[in-house]
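Trainee: Please take one part of this structure and examine it closely. I should then like a connected account of how that part relates to the rest.

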Amino acid sequence: EEEEEEVRNAILEEAAGKLGEGTLYSAFEDKEEGLRACVAIDSLLNMSAIDTLLAGFIVPLQGNDLRDYRDDRIHCSLN
């Protein structure tokens with residue numbers, strides 16, 4: 001049983017390392033809770049990135065700010 005625990009911990013540490021949240025992971029005594037915390041933070045960061053993309057790019061494209069009403073064309077600049 002102790003050997004199974006060591007294998008489980010090694011797998012959890014490898015998974016946590018792939019997320020790049022090693023400090024957060026090591027802050028928890030329970031390795032599974034540490035991994036869950038890493039996954040939660042990773043999800044929050046992904047959600048923040050999506051919100052930034054929506055607010056800074058997609059939503060403005062849906063508005064009329066970029067439209068030239070004279071010829072009903074969209075003018076934009078892509079960098």
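Mentor: Leu-54 lies in helix α3, which covers residues 31-62. Here helices (H or I, at least four residues) and strands (E, at least two) are DSSP runs, numbered from the N terminus. The model is a predicted one, in which local features need pLDDT of at least 70 and side-chain atom pairs count only at pLDDT 80 or more, while totals for chains, interfaces and linings use all residues. Residues are numbered from 1 along each chain as its sequence is written, and side-chain values use heavy atoms, with hydrogens and water left out.

With a relative accessibility of 37%, Leu-54 counts as partly exposed; the term covers the range between buried (under 20% relative accessible area) and exposed (over 50%), with a 1.4 Å probe and protein chains only. Leu-54 also belongs to a nonpolar surface patch of about 590 Å², formed together with Ile-50, Leu-53, Phe-57, Ile-58, Val-59 and Leu-61. A patch is made of residues with over 30% relative accessible area and no salt bridge; nonpolar side chains (Val, Leu, Ile, Met, Phe, Trp, Tyr) are joined within 5 Å, and like charges within 9 Å. Accessible areas come from the Shrake-Rupley method with a 1.4 Å probe, and for residues only the protein chains shown count as cover.

Helix α3 also takes part in salt bridges, through Glu-32. A salt bridge is a side-chain nitrogen of Lys or Arg within 4 Å of a carboxyl oxygen of Asp or Glu. In general, side chains of opposite charge can pair when their charged atoms come close. Glu-32 forms such a bridge with Arg-8, and the closest N and O atoms are 2.7 Å apart. Because Glu-32 is in helix α3 and Arg-8 in helix α1, this pair ties together parts that are 24 residues apart in sequence. Glu-32 and Arg-36 form another bridge, with closest N and O atoms 2.8 Å apart. These two residues are four apart in helix α3 and are therefore separated by about one helical turn. Glu-32 is partly exposed at 31% relative accessibility, and Arg-36 is exposed at 57%.

On the side of helix α1, Arg-8 meets Glu-5 in a salt bridge of 3.3 Å, N to O. Glu-5 and Arg-8 are three residues apart in helix α1 (residues 2-19), so about one helical turn separates them. Glu-5 counts as partly exposed at 38% relative accessibility, as does Arg-8 at 31%. The structure holds three salt bridges, and a network of salt bridges links Glu-5, Arg-8, Glu-32 and Arg-36.

A charged patch may be added to this picture. Glu-1, Glu-2, Glu-3, Glu-4 and Glu-6 gather in a patch of negative charge on the surface. Asp and Glu count as negative and Lys and Arg as positive, without His or the chain ends; the place of a charge is taken as NZ of Lys, CZ of Arg, CG of Asp or CD of Glu. Glu-1 lies in the segment before α1 and is exposed, with a relative accessible area of 83%.

Asp-30 is placed in the loop between α2 (22-26) and α3, and is partly exposed at 35% relative accessibility. Its C-alpha atom is 9.5 Å from that of Asn-9, a residue 21 positions away along the chain.

As for the whole, the protein has three helices and two strands, running α-α-α-β-β from the N terminus on. Of its 79 residues, 13% count as buried. The accessible surface comes to about 6700 Å², of which 54% belongs to carbon and sulfur atoms. Among contacts (heavy atoms within 4.5 Å) between residues at least 6 apart in sequence, 5% join residues at least 24 apart.
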